[in-house]
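Here is a short tour of one protein chain, with its surface and its charged side chains as the main stops. Keep the viewer open as you read.

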Amino acid sequence: MSEQVPAEYRIEDLAHHSGATVRTIRAYQDRGLLPKPERRGRSNVYRDTHLARLRQIADLLDRGYTLASIKELLEAWDAGRGLGGVLGLVAEVHGPWTDEEAARISRDELNERFGGTPDDRAVDEACELGVLERVPGSPEEFLVPSPQELAVAAELYAAGVPLPAITGHLRELRGQVEHIASRFLEFTTEHVFARYLDRLPPSDADAAEAATLVRRLRPLAQQTVDAELARAMRLFATRHLQRHLGAAGPPHPAGPAPVALPAETVRAVAELVGPEHVAAFVRAATERELQARTMNDLARRGGG
């Protein structure tokens, strides 16, 4: 059985297979991100290991990592510390945080759901917010990352909410939700993930265990927000309805309401007439005051 001959690439071939430019490949070599090629005569020879490394770099760049952080990860890999767990953690964090699947919608369908009249300004704003994404080469079609979010906007519009008010509300809501997400990450990092991330980059085993925890904790943020939002909506919706219906609180019971007297007044009356006669004295004093005010009012009317 013959051994398979390892693939060899010239730099132009490597660029073609990896999608990187020749200039980029040389820049990666200069920064130490890519192993040096084998020198054969006057030519450089690259192998599958170089192609795999270029694809790793491209994947990490797509996930938002800087070249400096990628270099640290790759150096750890080359030092034998392993990168499989780290890449698994990266993939887990970067993966979808919802079961919702993206959909597509045509411009005609979009117009129909929002009043039937084309509104280029509203479409541009929806694309800016990421509610819609333009499909390259297909100007009459859009990707909808969250069909639920678009459905909510359509329901609000049908209920009479103007599109500018909907987008303005979404901007405000997004800022508040991003703050909640940031606080949740700070909280879980402090109490859960800090022990896995002490070393940068983390060991392969620590990164793999952290990825498992991400999978376990992922639904907790949404479950907590859902529960708290339901509680708050029930509380504030009830208050809102009471205010608009003129019922600021529970109805008062029929009949006279008790009046609390200052403790010093009660004590003084008790010393004067005895504790057992306090209620009768207060009642008599009140009746006398009411009678006096009635007599004064009658005299004032008669003298006028």
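The chain exposes about 22000 Å², and carbon and sulfur atoms supply 56% of that area (Shrake-Rupley method with a 1.4 Å probe; for residues, only the protein chains shown count as cover). This is a predicted model, in which local features need pLDDT of at least 70 and side-chain atom pairs count only at pLDDT 80 or more, while totals for chains, interfaces and linings use all residues. Residues are numbered from 1 along each chain as its sequence is written, and side-chain values use heavy atoms, with hydrogens and water left out.

Of the 304 residues of the chain, 23% count as buried (under 20% relative accessible area; exposed is over 50%, partly exposed in between, with a 1.4 Å probe and protein chains only). The chain has 12 helices and 5 strands (DSSP runs numbered from the N terminus: helices are H or I, at least four residues; strands are E, at least two). Among contacts (heavy atoms within 4.5 Å) between residues at least 6 apart in sequence, 57% join residues at least 24 apart.

Now to the charges. There are 13 salt bridges, each a side-chain nitrogen of Lys or Arg within 4 Å of a carboxyl oxygen of Asp or Glu. Three of them are listed here with their N to O distances.

| Acidic residue | Basic residue | Closest N to O distance |
|---|---|---|
| Glu 8 | Arg 47 | 3.4 Å |
| Asp 13 | Arg 10 | 3.4 Å |
| Glu 228 | Arg 231 | 3.2 Å |

Glu 8 lies in the segment before helix 1 (11–18) and Arg 47 in the loop between strand 2 (43–45) and helix 3 (48–62), so their bridge ties together parts that are 39 residues apart in sequence. Glu 8 is partly exposed, at 40% relative accessible area, and Arg 47 is partly exposed at 24%.

Glu 228 and Arg 231 both sit in helix 10 (residues 204–244), 3 residues apart, about one turn of the helix. Elsewhere, salt bridges that share partners join Glu 8, Glu 38, Arg 40 and Arg 47 into one network.

Which residues gather in a patch of negative charge on the surface? They are Asp 108, Glu 109, Glu 112 and Glu 140. Patch residues have over 30% relative accessible area and no salt bridge, with like charges joined within 9 Å. Helix 6 (residues 107–113) gives the largest share of the negative patch, 3 residues, and Glu 140 has its place in strand 5 (residues 138–144).

Terms used
Patch = residues over 30% accessible without salt bridge, like charges linked within 9 Å, V, L, I, M, F, W, Y side chains within 5 Å. Lys, Arg positive; Asp, Glu negative; His and termini not counted. Charge placed at Lys NZ, Arg CZ, Asp CG, Glu CD.
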